[in-house]
Amino acid sequence: MKVDALTCLTVAAAGLVAMATGGRSSGRRRHKEVFLGENSKFKFGGRIDYKLKKQDSTKTLLIKTEQLLRIEEHDFAMRPGFGGAAIPVGIDVQVESIDSISEVNMDFTMTLYLRHYWKDERLAFQSRNNQSRTFDSRLVKKIWVPDVFFAHSKRSFIHDTTMENIMLRVYPDGNILYSVRVTVTSLCSMDFSSFPLDTQNCSLELESYAYNENDLMLYWKNGNDSLRTDEILLSQFFIEHFQPSSGLAFYSSTGWYNRLFISFILRRHIFFFMLQTYFPTMLMVVLSWVSFWIDRRAVPARVSLGITTVLTMSTIITGVSSSMPQVSYVKAVDIYLWTSFLFVFLSVIEYAAVNYCTTLEEMRKMRRGKLPSTFDASQAMAFDGCFHDNDMELTPFPRVAPGLTSDPLAAPSPQLEPRPSEGTRLRRQRSVRENVDLLLSNSYMIDSYSRLAFPLSYLLFNTIYWSLYS
């Protein structure tokens, strides 16, 4: 009986010890599961297997990023390899769009993805499968990044919807990819001598602000393939060429700096300006010629037509000038507009000359008594197109004196025979005077000549203009 009782006590004690040990073990397991569950839910909202810690440090959630990259152990205010050779920083650009080009402000706005490549061994970490880690803008503020800026830029900003468009990717060997999406407005020195038949060469320039060539070396990572563009369509320009290049910039107080260039050539669409400027101008010039076919005594019709075309040309010139920068040289469009304005203005002056000659002709006839006493010159000049030349007796063209004819059978008068040089000079002077008298006595001939002279002159001007600028 005593043996049986002792055996029962021993079994009971062993059971109590096993229960106590198992309880502590299960408690530890539950504690670990709860610890991992809380951390995983806090960061990712899911349960993460604790075995990942033993497989790959890049997937471990229990180790903070600052501990993995040893950020607290280094001074990231200093560039990598401080005191040694210049750190190479590769640049890769993808142009997303050219948002606007302003002739008035002489600038352009571009949105692009700017990617930097460099190596910082201070950020190297252990990884069994050589996988990188990707971070957002929160880690960028804690490490060293290149201080690249846009030279000659007016405004620039990093997009921040819905978060700042910044990506930082760290590889186990310390290589780093730093990418930002940025919009920049930069200066473009434009030459408008051939506007609107012009091409413009603009460039976006990248440079380190603090580190000269002894500390930082900027270069295109993949040569000409470092610059990539999406399909870009502009309303007023064709993009003919994108070209990356590099150079050096010198500052007297700080030295030489590496500078990268994104150059592109813009060729302007001419069709828009043909519709808005050139075609209306041509029509106004042609419209001013209509007055040559209106009767010279229709004063209200011809004057109103001339003034209307002059004012319309002034409006076109003002509209074009308001959309252009105030440059101190003559543009191609200025030459065309002001020459066309001159043709319109001369058509008004032509009628003024016709009107004046007609008035002199009629006053001369009144003095000679060849007009009826009831004829009112002012009413005739204001009559609207129904008074014709055959209603008046016009003086015929004066006959040339017999002594000035070139008839070889006529015997010259010895008293009137001048020296050859003087006779030639007198004949030329008389010929010009006679031509002037012909125009004064027959003012309608000015309109007849203008109907041919004005269109031919304007056609010649257009031929020369488009052959020079197109």
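## A buried pair of rings

Y278 is buried, and W466 is buried too. This is a predicted model, and these two residues make a handy way into it. Their rings have centres 5.0 Å apart and planes at 55°, so the pair is tilted. It links distant parts of the chain, with Y278 in helix α5 and W466 in helix α10, 188 residues apart.

Y278 has another ring partner to look at, Y465. Here the centres are 6.2 Å apart and the planes stand at 50°, so this pair is tilted. Y278 sits in helix α5 (residues 271–288) and Y465 in helix α10 (residues 444–469), so the pair ties together parts that lie 187 residues apart in sequence.

How buried are these two tyrosines? Y278 has a relative accessibility of 0%, while Y465 comes in at 3%. Buried means under 20%, so both values fit the label.

## The wider ring cluster

Zoom out a little and there are more rings to find. The structure holds 26 aromatic pairs. Ring pairs join Y278, Y465 and W466 into a cluster that also takes in W289, F292, Y336, F343, F454, Y458, F461 and Y469.

## The whole protein

Now for the overall picture. The protein has 10 helices and 12 strands. It is 470 residues in length, and 37% of them count as buried. About 28,300 Å² is exposed, with carbon and sulfur atoms supplying 59% of that area.

The two ring pairs above link parts of the chain that are far from each other in sequence. What share of contacts in the protein join residues at least 24 apart? Taking contacts between residues at least 6 apart in sequence, the share is 76%.

## An open sheet of four strands

Next, some strands. An open sheet is formed by 4 strands in the order β4-β8-β12-β11, with antiparallel pairing. Which strands are at the edges? They are β4 (148–151) and β11 (237–251), each of which pairs on one side only. From one strand to the next, the twist averages 25°. As for what holds such an arrangement together, strands of a sheet pair through backbone hydrogen bonds, either parallel or antiparallel.

Start at the β4 edge. This strand runs antiparallel to β8 (residues 199–208), and 4 bridges join them. To spot the pairing in the model, look for F150, which stands opposite L206 in β8.

At the other edge, β11 pairs with β12 (residues 255–268) in the antiparallel sense, over 14 bridges. A249 has Y257 in β12 as its bridge partner. The connection from β11 to β12 is a hairpin through 3 residues.

## A closer look at T109

Finally, pick out T109, which is in strand β2 (residues 107–119). Is T109 buried or exposed? Its relative accessible area is 13%, and the cut-off for buried is under 20%, so T109 counts as buried.

What does T109 touch, leaving aside its neighbours within four places in sequence? Its contacts are S97, I98, D99 and S100, along with T183, V184 and T185. With T185 there is also a polar contact: the two side chains are joined at 3.0 Å.

How values were computed
Residues are numbered from 1 along each chain as its sequence is written. This is a predicted model: local features need pLDDT of at least 70, side-chain atom pairs count only at pLDDT 80 or more; totals for chains, interfaces and linings use all residues. Side-chain values use heavy atoms; hydrogens and water are left out. Helices (H or I, at least four residues) and strands (E, at least two) are DSSP runs, numbered from the N terminus. Buried means under 20% relative accessible area, exposed over 50%, partly exposed in between (1.4 Å probe, protein chains only). A polar contact is a pair of N or O atoms within 3.5 Å; within protein, one must be able to donate a hydrogen and the other to accept it, and residues adjacent in sequence count only if both atoms are side-chain atoms. Contact means heavy atoms within 4.5 Å. Accessible areas come from the Shrake-Rupley method with a 1.4 Å probe; for residues, only the protein chains shown count as cover. Two strands pair if DSSP finds at least two bridges between them. Axes are lines fitted to C-alpha atoms, for helices over the stretch in contact, and angles run from 0 to 180 degrees between N-to-C directions. Rings of Phe, Tyr and Trp (its six-membered ring) pair if their centres lie within 6.5 Å; planes under 30 degrees apart count as stacked, over 60 as edge-to-face and the rest as tilted.
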